[in-house]
Amino acid sequence: MLIKDIDVIPRLRTIPGVGELVSANIYYAAVGDITRFPSARKLAAYAGLVPTVSQSGGPTRIGHITKEGSGELRAIMTQAAHIASFPRTKISL
């Protein structure tokens with residue numbers, strides 16, 4: 001199956017920060033059928049982008065991301081968020 005034949009790739013490219021070629025394809029390769037996740041939170045947990053939580057009778061402590069799951073997917077999602085957080089500016093010479 002060719003990438004151009006996969007109907008979700010163009011929709012993935014509409015996400016801010018997702019590149020034309022590489023990141024949309026990596027998202028699809030790592031996640032596959034997105035309908036297997038009932039919520040965005042479940043997808044984030046799959047990628048390891050949720051915080052660690054420590055609860056032991058005292059106050060709840062929220063720590064760093066868990067880094068469980070696909071490191072490649074987590075890296076691409078983090079990079080896409082970083083790119084999307086900066087406005088695109090054109091430099092005219």
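Which residue takes a positive phi just after H3? Gly-48 does, at about 80°. The model is predicted. The protein has 4 helices and 2 strands. From the N terminus on, these elements run α-α-α-β-β-α. Of the 93 residues, 24% are buried. Among contacts with a separation of 6 or more, 29% join residues 24 or more positions apart.

**Nonpolar core**

- The largest nonpolar core holds 16 residues.
- Tyr-27 and Leu-73 touch the most other members of this core.
- Four helices each supply at least two of its residues: H1 (8-12), H2 (22-31), H3 (40-47) and H4 (71-85).
- Beyond four places in sequence, Leu-73 touches Tyr-27, Ala-30, Val-31, Tyr-46 and Ala-47.

**Helix H4**

- H4 has 15 residues, and at 1.5 Å a residue these should span 21 Å.
- The end C-alpha atoms of H4 are 21 Å apart, which agrees with that expected span.
- Leu-73, Arg-74, Ile-76, Met-77 and Ala-80 are buried in H4.
- Seen down the axis of H4, the buried residues fall within an arc of 165°, so they line one face of the helix.
- The face turned away from the buried side of H4 carries the exposed residues Glu-72 and Ser-85.
- His-82 also belongs to H4.
- His-82 has 44% relative accessibility; it counts as partly exposed because that value lies between the 20% and 50% cut-offs.

**Helix H3 and its end**

- Leu-43, Ala-44 and Ala-47 are the buried residues named for H3.
- They cover an arc of only 100° around the axis, which puts them on the same side of H3.
- Ala-47 is also one of the residues that Leu-73 touches.
- Just after H3 comes Gly-48, with its positive phi.

**Aromatic and charged groups**

- The model has 1 aromatic pair.
- The pair is Phe-37 and Tyr-46, with ring centres 5.2 Å apart.
- The two ring planes meet at 55°, so the pair is tilted; the tilted class runs from 30 to 60 degrees.
- Phe-37 is buried, at 14% relative accessibility.
- Tyr-46 is partly exposed, at 31% relative accessibility.
- The ring of Tyr-46 also has the charged end of Arg-36 over it, 5.0 Å from the ring centre.
- Tyr-46 is in contact with Leu-73 as well.

**The H1–H2 loop and H4**

- Pro-16 lies in the loop between H1 and H2.
- Pro-16 is exposed, with a relative accessible area of 59%.
- Leaving aside neighbours within four places in sequence, Pro-16 is in contact with Ala-80 and Ala-84.
- One of these partners, Ala-80, is buried in H4.
- Pro-16 and His-82 are 66 residues apart in sequence.
- In space, the C-alpha atoms of Pro-16 and His-82 are 9.9 Å apart.

**Helix H2**

- Ser-23 lies in H2.
- Ser-23 is buried, with a relative accessible area of 10%.
- Ser-23 and Gln-79 are 56 residues apart along the chain, and 9.2 Å separates their C-alpha atoms.

**Strand E2**

- His-64 is placed in strand E2, which covers residues 61-65.
- Is His-64 buried or exposed? At 70% relative accessibility, His-64 counts as exposed.
- Leaving aside neighbours within four places in sequence, His-64 is in contact with Val-50, Pro-51 and Thr-52.
- His-64 and Thr-52 are 12 residues apart in sequence, and their C-alpha atoms are 5.9 Å apart in space.

Note on methods
Residues are numbered from 1 along each chain as its sequence is written. This is a predicted model: local features need pLDDT of at least 70, side-chain atom pairs count only at pLDDT 80 or more; totals for chains, interfaces and linings use all residues. Side-chain values use heavy atoms; hydrogens and water are left out. A nonpolar core is a set of buried Ala, Val, Leu, Ile, Met, Phe, Trp, Tyr and Cys residues joined through side-chain atoms within 4.5 Å. Buried means under 20% relative accessible area, exposed over 50%, partly exposed in between (1.4 Å probe, protein chains only). Contact means heavy atoms within 4.5 Å. The expected span of a helix is 1.5 Å times one less than its number of residues. The arc is that of the directions from the helix axis to the C-beta atoms. Rings of Phe, Tyr and Trp (its six-membered ring) pair if their centres lie within 6.5 Å; planes under 30 degrees apart count as stacked, over 60 as edge-to-face and the rest as tilted. A charge sits over a ring if NZ of Lys or CZ of Arg is within 6 Å of the ring centre and within 35 degrees of the ring normal.
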